[in-house]
Amino acid sequence: MEKTFSQWKKQCLNKLDLSKKGSVDEDIAHVVSLLNSCEEYFTTSSCSGRVILIDGAPQSSHVLKQNCVWLFVSHQKCRSEDLMCGLARSSGDAVFKFEPFVLHVQCRRLDDAQLMHSVSINSGFRNSGLTVSKTGKIITAVRSTHGLEVPLSHEGKLLVEHEYIHFLTQIANQKMEENLRRIHRFYQNLQSALTTEKLQKLQIPNPPISQAPQDTRLETERREEEGEEEQKEEKKKTSVYKRRRKREQGATSSLG
């Protein structure tokens, strides 16, 4: 398994980026770099989050990205003017979407995957999960649920007013801002978790067991000393009581 994971990692990191953009998104470059620098992880795919306007064929039950025209795409906040320009080129069923940050990470061991999953959930990516393939690949998917998908035209005809396009743009930009905050939180939590994990592996071992009898002996001696002091105190009290009784008895005899 150890050798196989190393081979998978080398093969994945050396292959060409086949995404539409062809490179890692700027807003998550530091996250990808951190994971790929760890022996326990490497990233297989990622997207920092984006707003897209795609034009699908009319009468299609769902929009397939490979069978549609991309009218507009941005990994940053967008403007309503950008959407209107894209919609002007629509000849089918245009759909506006906000897709949040997504990251797929292959992990060396199941414990590593569980750590990644915990960091993801605590950072706000509550749709995250992990899978184990028949070949032994352990993949953690970092995902959230705050996406957005709205149809805007049918057969090239706009279905909404311009005011609604402007409102939709504001909603998408708010989601993008929240998306970036979660990415930042994920990066901080990931750094902290990885640091803690390394410290635990390098932790100084517990004191030798041979020291335990010495500690027990010291404790026993201390208790014995306390016991002796208590006995002395009791003897003093008894002696004082006896002398007092004798004086009282002597005084009674003289009166008789």
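Tutor: A residue is called buried when its relative accessible area is under 20%. The model discussed here is predicted, and the word will be used throughout in that sense.

Student: Why does C68 count as buried?

Tutor: The relative accessibility of C68 is 13%. The limit is under 20%, so C68 meets the criterion and counts as buried.

Student: What places C107 in the buried class?

Tutor: C107 has a relative accessibility of 2%. That value also falls under 20%, and C107 is therefore classed as buried.

Student: How many disulfides does the structure hold?

Tutor: The number is 0. A pair of cysteine sulfur atoms would have to lie within 2.5 Å to be called a disulfide, and the structure has 0 such pairs.

Student: Why is E155 called partly exposed?

Tutor: Its relative accessible area is 48%. Exposed requires over 50% and buried under 20%, with partly exposed in between, so E155 belongs to the middle class.

Student: Where does E155 lie, and what makes its phi notable?

Tutor: E155 sits in the loop that runs between β9 (153–154) and β10 (157–158). Most residues other than glycine have a negative phi. E155 is a residue other than glycine, yet its phi is positive, near 55°.

Student: What is the strand order of the open sheet of 4 strands?

Tutor: The order is β3-β2-β4-β8, and the pairing is antiparallel. From one strand to the next, the twist averages 15°.

Student: What makes β3 and β8 edge strands?

Tutor: β3 (69–74) and β8 (148–151) each have a single partner strand, so one side of each has no neighbour in the sheet.

Student: How do you know that β2 pairs with β3 and with β4?

Tutor: At least two bridges are needed for two strands to pair. Strand β2 (residues 50–56) is joined to β3 by 5 bridges, antiparallel, and β2 and β4 share 7 bridges, also in the antiparallel sense. Both counts satisfy the requirement, so both are pairs. Within them, I54 is opposite W70 in β3, and I52 is opposite K97 in β4.

Student: How many bridges join β4 to β8?

Tutor: Strand β4 (residues 93–99) is joined to β8 by 4 bridges, and the two run antiparallel. In β8, V150 is the bridge partner of F96, while E149 is that of K97.

Student: Why is β4 described as largely enclosed?

Tutor: Of the 7 residues of β4, 7 are buried, so the strand is largely enclosed by the rest of the structure. D93, V95, K97 and E99 point one way and A94, F96 and F98 the other. On β8, by contrast, one face is covered, with L148 and V150, and the other is uncovered, with E149 and P151.

Student: What is the size of the largest nonpolar core, and which residues have the most contacts inside it?

Tutor: This core has 23 residues, and those with the most contacts inside it are L35, Y41, L103, F186 and L190. At least two residues come from each of α2 (29–36), β5 (102–107), α4 (110–122), β7 (138–142) and α5 (162–201). The most are given by α5, with 6 residues. A second core, separate from this one, has 17 residues, among them A94, F96, F98 and I165.

Student: Which residues does L190 contact, apart from neighbours within four places in sequence?

Tutor: L190 contacts L34, L35, M116 and V119.

Student: How do you know that the buried residues of α2 line one face?

Tutor: The buried residues in question are V31, V32, L34 and L35. Viewed down the axis of α2, they fall within an arc of 160°, so they line one face of the helix. Their cover includes β1 (41–47), β5, α4 and α5.

Student: Why does T43 count as buried?

Tutor: T43 has 10% relative accessibility, which is under the limit of 20%, and T43 therefore counts as buried. T43 is found in strand β1. Beyond its neighbours within four places in sequence, its contacts include C12, L13, V32, L35 and L103.

Student: What share of the residues of the protein count as buried?

Tutor: Of the 256 residues, 34% count as buried. The protein has 6 helices and 10 strands. Among contacts between residues at least 6 apart in sequence, 72% join residues at least 24 apart.

Key:
Residues numbered from 1 in each chain as written. Predicted model: local features only at pLDDT ≥ 70, side-chain atom pairs only at ≥ 80, totals over all residues. Heavy atoms only, no water. Buried < 20%, exposed > 50% of the residue type's maximum accessible area, 1.4 Å probe, protein only. Axes fitted to C-alpha atoms, helices over the stretch in contact; angles between N-to-C directions. Core = buried A, V, L, I, M, F, W, Y, C linked by side-chain atoms within 4.5 Å. Contact = heavy atoms within 4.5 Å. Arc of directions from axis to C-beta.
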